[in-house]
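Visitor: I'm new to this one, and I'd like a close look at a single part of it. Could you take me through one strand and what surrounds it?

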Amino acid sequence: METIENIKEHLKNDNFKWSRHALEKCDMYGYDEEKIIYEVVEQGELIEYHYWHGYGDKYLVYVESKEYGVYHCVIINNEVADIIIIKTVYKPDNTFKKNQKTRSNPTRVL
């Protein structure tokens, strides 16, 4: 299991890949990919962890951006390739409480 600091190191060292889905979400929201990486490194907060069978560790990172507002970034740790994958980026919806960090239904996972 990675820590948020390990995830940030992967990002700083350019040891990551974007999924097509994440890039499409960035386009949809008007997010700049380099800005997303910068903000996750500078202020990302790990708010959820889940083991995704067949894929590996899955992390939910919370970011409060001056430019984009609050968004979440889902990251998968591919231990075999020693790389992380940015799976998606999205604005939290009503499945989260007002703080946008806590799920309204705690039994729901990433």
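Visitor: Let me start with a small detail: which residue in S4 stands opposite Tyr62?

Guide: Happy to help! Tyr62 has His72 of S4 opposite it. Before we go on, please keep in mind that this is a predicted model, in which local features need pLDDT of at least 70 and side-chain atom pairs count only at pLDDT 80 or more, while totals for chains, interfaces and linings use all residues. Residues are numbered from 1 along each chain as its sequence is written, and side-chain values use heavy atoms, leaving out hydrogens and water.

Our strand is S3, which covers residues 56–65. Helices (H or I, at least four residues) and strands (E, at least two) are DSSP runs, numbered from the N terminus. Nine of the 10 residues of S3 are buried, so the strand is largely enclosed by the rest of the structure. Buried here means under 20% relative accessible area, with exposed over 50% and partly exposed in between (1.4 Å probe, protein chains only).

Now for the neighbours. Two strands pair if DSSP finds at least two bridges between them. On one side is S2 (residues 45–52), which runs antiparallel to S3 and is joined to it by seven bridges. Across this pairing, Glu48 faces Leu60, and Trp52 has Gly56 as its bridge partner. S2 and S3 make a hairpin with three residues between them, and in that turn Gly54 has a positive phi of about 90°.

On the other side is S4 (residues 69–78), again antiparallel, with nine bridges to S3. Besides the pair you asked about, Glu64 has Val70 as its bridge partner in S4. These two strands also form a hairpin, with three residues between them. S4 is mostly covered too, since eight of its 10 residues are buried.

Stepping back, S3 belongs to an open sheet of five strands, in the order S1-S5-S4-S3-S2 and with mixed pairing. S1 and S2 are the edge strands, each pairing on one side only. From one strand to the next, the twist averages 25°. Beyond S4 comes S5, antiparallel to S4 over seven bridges, and there Val74 stands opposite Thr88. The hairpin of S4 and S5 has four residues between the strands, including Asp82, with a positive phi near 50°.

What lies against the sheet? H3 lies across S1, S2, S3, S4 and S5, running at about 95° to S3. Axes are lines fitted to C-alpha atoms, for helices over the stretch in contact, and angles run from 0 to 180 degrees between N-to-C directions. Contact means heavy atoms within 4.5 Å. H1 meets H3 as well: their axes come within 9 Å and cross at roughly 145°. Where these helices meet, Lys8, Leu11 and Lys12 in H1 touch Ile37, Val40, Val41, Glu42 and Gln43 in H3.

H1 has its own buried residues, namely Ile4, Ile7, Lys8, His10 and Leu11. Seen down the axis of H1, they fall within an arc of 155° (taken from the directions from the helix axis to the C-beta atoms), so they line one face of the helix. Those residues pack against S1, H3, S2, S3, S4 and S5.

Finally, the cores. A nonpolar core is a set of buried Ala, Val, Leu, Ile, Met, Phe, Trp, Tyr and Cys residues joined through side-chain atoms within 4.5 Å. In soluble globular proteins, nonpolar side chains tend to be buried together. Here the largest core has 21 residues, of which Leu11, Ile36, Ile86 and Val89 touch the most other members. S3 supplies at least two residues of this core, as do H1, H2 (20–29), H3, S4 and S5, and the largest share, four residues, comes from H3. Apart from it lies another core, of seven residues, among them Leu60, Tyr62, Val70 and Tyr90. That brings us back to your starting point: Tyr62, with His72 opposite it, is one of the members of this second core.
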